[in-house]
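Trainee: I should like to request a close look at a single part of this model. Please treat it in one connected account.

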Amino acid sequence: MALTIIVGLLILVLAAVPVAAVLGILSFVLDHISMGGSLTPALAEIYWDKSKEFILVAVPMFILLGEIMLRAGIAQRMYGAVIQWISWLPGGLMHANIGSCTIFAASSGSSVATAATVGTVAYPEIEARGYNERLFLGSLAAGGTIGILVPPSINLIIYGLLTDTSVPELYLAGIIPGIVLSSLFMLAIFVACIYRPAWGGTKVETTWAQRIKCLPDLLPPILLFMAVVGSIYGGIASVTEAAAVGVLGAIFVAWFRNSYSWNLLQVALAGTMSTVGTIIWLILGAVAFVGIYNLIGGADFMRSLFSGLGLPAIGIVFVMMGILVILGTFMEWIAIA
């Protein structure tokens with residue numbers, strides 16, 4: 001069964017089928033192979049049980065939070081401030097990319113919004129300052145993934161929904177790995193630019209006066225993070241309510257900076273709905289796959305498979321990571337070929 005899933009996954013992905021459709025197709029195929037199609041009618045009940053979860057409301061709220069920060073110019077000001085503080089390191093703006101992605105992800109919770117926002121501002125600097133394009137774009141791509149771990153992560157909300165895991169506990173577990181991951185990315189850039197100084201481009205000239213002057217531009221994302229995550233762990237608000245607090249906070253910051261307008265809100269809402277539409281289809285595909293997979297005993301099969309290895313928990317984690325690395329490398333090789 002595991003081999004069937006992997007082969008089917010590779011074929012559909014290589015055929016450029018969207019991930020949401022891949023999960024849905026695999027769920028129907030598994031049902032027909034294992035149970036003759038008898039479980040497909042149960043999907044309606046599975047969909048209903050998951051779609052009525054109140055925590056799902058937090059997904060569009062966090063995306064809207066990121067959209068408002070982007071449209072109001074809060075993200076751009078934050079990026080400019082981060083540049084002043086850490087661009088002196090070998091690698092210059094690439095460190096600012098990682099730092100800005102970490103701060104923005106801690107405010108918006110969206111990996112896509114993080115990469116798109118920072119990338120929009122940073123991309124023109126590649127040619128302007130003579131950076132190595134592949135390394136610079138790699139810093140943007142890598143920085144965007146930090147949003148998966150750093151709370152308030154939308155990915156962790158979806159994971160918690162699919163696995164019936166506490167989202168606040170997932171947030172608590174993601175803070176330190178997110179910081180470690182961003183630090184390792186910056187270390188990799190540092191080593192690469194020490195080894196090849198030409199990859200680091202020209203340095204940004206700054207002074208302590210400029211650094212102090214731009215500090216207020218760092219406050220809004222930090223305050224929003226404290227309001228969202230602090231209200232959750234302070235027992236003041238649920239994850240969904242904290243997301244609403246974040247949106248109201250972003251609107252207030254935009255209004256305070258004289259950048260709020262009805263047109264801004266309309267554009268932010270349009271961008272939010274476009275992203276939410278994609279995410280909802282992904283959730284439905286994942287719900288179908290997980291539901292069918294569990295009903296045919298897939299979870300029990302994987303549990304017995306890994307427990308039969310006789311490895312400790314950390315060993316199983318490394319085995320799973322190795323499988324992902326091998327599959328990822330194979331897919332990249334296929335894409336390049």
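Trainee: What should the 14 residues of helix α4 (residues 58-71) span at 1.5 Å a residue, and how far apart are its end C-alpha atoms?

Mentor: The model is a predicted one, and the account below starts from the length of the helix. At 1.5 Å a residue, helix α4, with its 14 residues from 58 to 71, should span 20 Å, and its end C-alpha atoms are indeed 20 Å apart, so the two values agree.

As to its surroundings, α4 is mostly covered, with 10 of its 14 residues buried. The buried residues are Ala-58, Val-59, Phe-62, Ile-63, Leu-64, Leu-65, Gly-66, Glu-67, Ile-68 and Met-69.

Glu-67 deserves separate attention. This residue counts as buried because its relative accessible area is 12%, and the cut-off for buried is under 20%. Glu-67 forms a salt bridge with Arg-71, in which the closest N and O atoms lie 3.1 Å apart. Arg-71 is partly exposed, since its relative accessibility is 41%. The two partners, Glu-67 and Arg-71, stand 4 residues apart in helix α4 and are therefore separated by about one helical turn. An α-helix has 3.6 residues a turn, so residues three or four places apart point the same way.

A search of the whole structure finds 2 salt bridges. Besides the pair in α4, Arg-257 forms a salt bridge with Asp-217, with 3.5 Å between the closest N and O atoms. This pair links distant parts of the chain, 40 residues apart: Arg-257 is in the loop between α14 (239-256) and α15 (262-295), and Asp-217 is in the loop between α12 (208-213) and α13 (219-233). Arg-257 counts as partly exposed, because its relative accessibility is 25%.

Val-59, one of the buried residues of α4, also allows a comparison of sequence and space. Val-59 and Ile-280 are 221 residues apart in sequence, yet their C-alpha atoms are 9.5 Å apart in space. Ile-280 belongs to helix α15 and is partly exposed, given its relative accessibility of 37%.

Finally, the chain just after α4 has a notable backbone angle: Gly-73 takes a positive phi of about 85°.

To summarise, α4 has an end-to-end distance that agrees with the expected 20 Å, is mostly covered, and holds the salt bridge between Glu-67 and Arg-71.

Key. Residues are numbered from 1 along each chain as its sequence is written. This is a predicted model: local features need pLDDT of at least 70, side-chain atom pairs count only at pLDDT 80 or more; totals for chains, interfaces and linings use all residues. Side-chain values use heavy atoms; hydrogens and water are left out. Helices (H or I, at least four residues) and strands (E, at least two) are DSSP runs, numbered from the N terminus. The expected span of a helix is 1.5 Å times one less than its number of residues. Buried means under 20% relative accessible area, exposed over 50%, partly exposed in between (1.4 Å probe, protein chains only). A salt bridge is a side-chain nitrogen of Lys or Arg within 4 Å of a carboxyl oxygen of Asp or Glu.
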